[in-house]
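Visitor: I am new to this structure and would like to learn how to read its features one at a time. Could we take the sequence and the model together and begin with the general idea each time?

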Amino acid sequence: MKAVLVQTTVPERHWGEKLAEELLNLKLAACVWILPPMTAYYTWEGKRESAEEHLVVIKTFDDHRSGVERRLKALHPYDCPEILTIHTDYVESGYLSWMRDVMT
């Protein structure tokens, strides 16, 4: 199995906690990081915007990615959530084994 990181952003920490709980309960993720607030700058509907957000990083397997995406789209507070997959080149074998264990 190939490990991937899926990232999204949420406007408040409790949204990240809700996503983490759901993904862990469904065994779609081995671990979820919710990082401290950051400021995002972007253009939305033709206007320059900025907002405080939390980065959420989901550690999962590529074959679980579509399930993660479905749950993110169903639960996410944004109309157009960031769902970005980062493929890994290497994951230490012990960590990979732990991921398999907690996701099965």
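Guide: Let us begin with accessibility, where a residue is called buried under 20% relative accessible area, exposed over 50%, and partly exposed in between. Please keep in mind that this is a predicted model.

Visitor: With those cut-offs, is K27 buried, exposed or partly exposed?

Guide: K27 has a relative accessible area of 36%, and therefore counts as partly exposed. This residue is found in the loop between α1 and β2, and its phi is near 60°, a positive value in a residue other than glycine.

Visitor: Which other residue has a positive phi although it is not a glycine, and where is that residue found?

Guide: That residue is E45, with a phi of about 50°, and its place is the loop between β3 (38–44) and β4 (47–61). Because its relative accessibility is 72%, E45 counts as exposed.

Visitor: What can be said of L26, in the loop between α1 and β2?

Guide: L26 is partly exposed, with a relative accessible area of 44%. A useful habit is to set separation in sequence beside distance in space: L26 and R71 are 45 residues apart in sequence, while their C-alpha atoms are 9.7 Å apart in space.

Visitor: How should I read the way two helices meet, taking α1 and α2 as the case?

Guide: One looks at how close the axes come and at what angle they cross, and here the axes of α1 (residues 13–25) and α2 (residues 65–75) come within 11 Å and cross at roughly 140°. That angle makes α1 oblique to α2, since angles count as roughly antiparallel only over 145 degrees. The crossing of the two helices, α1 and α2, is right-handed.

Visitor: Which residues make the contact between α1 and α2, and how do they divide into nonpolar, polar and charged?

Guide: From α1 come W15, K18, L19, E22 and L23, and from α2 come V68, R71, L72 and L75. The residues of this contact divide into 6 nonpolar and 3 charged, with no polar ones.

Visitor: Where does E12 lie, and which side chain does its own side chain contact?

Guide: E12 lies in the loop between β1 and α1, and its side chain makes a polar contact of 2.7 Å with the side chain of H14. At 42% relative accessibility, E12 counts as partly exposed. As for its distance from L72, the two are 60 residues apart in sequence and 15 Å apart in space, C-alpha to C-alpha.

Visitor: Turning to H76, is this residue buried or exposed, and what does it touch?

Guide: H76 lies in the loop between α2 and β5 (84–87), and with a relative accessibility of 8% this residue counts as buried. Leaving aside neighbours within four places in sequence, H76 is in contact with T8, T9, V10, L19 and P81. In addition, a polar atom of the H76 side chain lies 3.1 Å from the backbone nitrogen of Y78.

Visitor: Finally, how would I describe the surroundings of Q7?

Guide: One can start from its place in the chain and work outward: Q7 is in strand β1 (residues 3–10), and because its relative accessible area is 17%, it counts as buried. Not counting residues up to four places away in sequence, Q7 touches L55, V56, V57, E82, I83, L84 and I86. Among these, E82 is joined to Q7 by a polar contact of 2.7 Å between the side chains.

Note on methods:
Residues numbered from 1 in each chain as written. Predicted model: local features only at pLDDT ≥ 70, side-chain atom pairs only at ≥ 80, totals over all residues. Heavy atoms only, no water. Helix = DSSP H or I, 4+ residues; strand = E, 2+ residues; numbered from the N terminus. Buried < 20%, exposed > 50% of the residue type's maximum accessible area, 1.4 Å probe, protein only. Polar contact = N/O pair within 3.5 Å; in protein donor to acceptor, adjacent residues only side chain to side chain. Contact = heavy atoms within 4.5 Å. Axes fitted to C-alpha atoms, helices over the stretch in contact; angles between N-to-C directions. Parallel < 35°, antiparallel > 145°, perpendicular 65-115°, else oblique. Left-handed = near helix turned anticlockwise from the far one by under 90°. Nonpolar A, V, L, I, M, F, W, Y, C, P; charged D, E, K, R; others polar.
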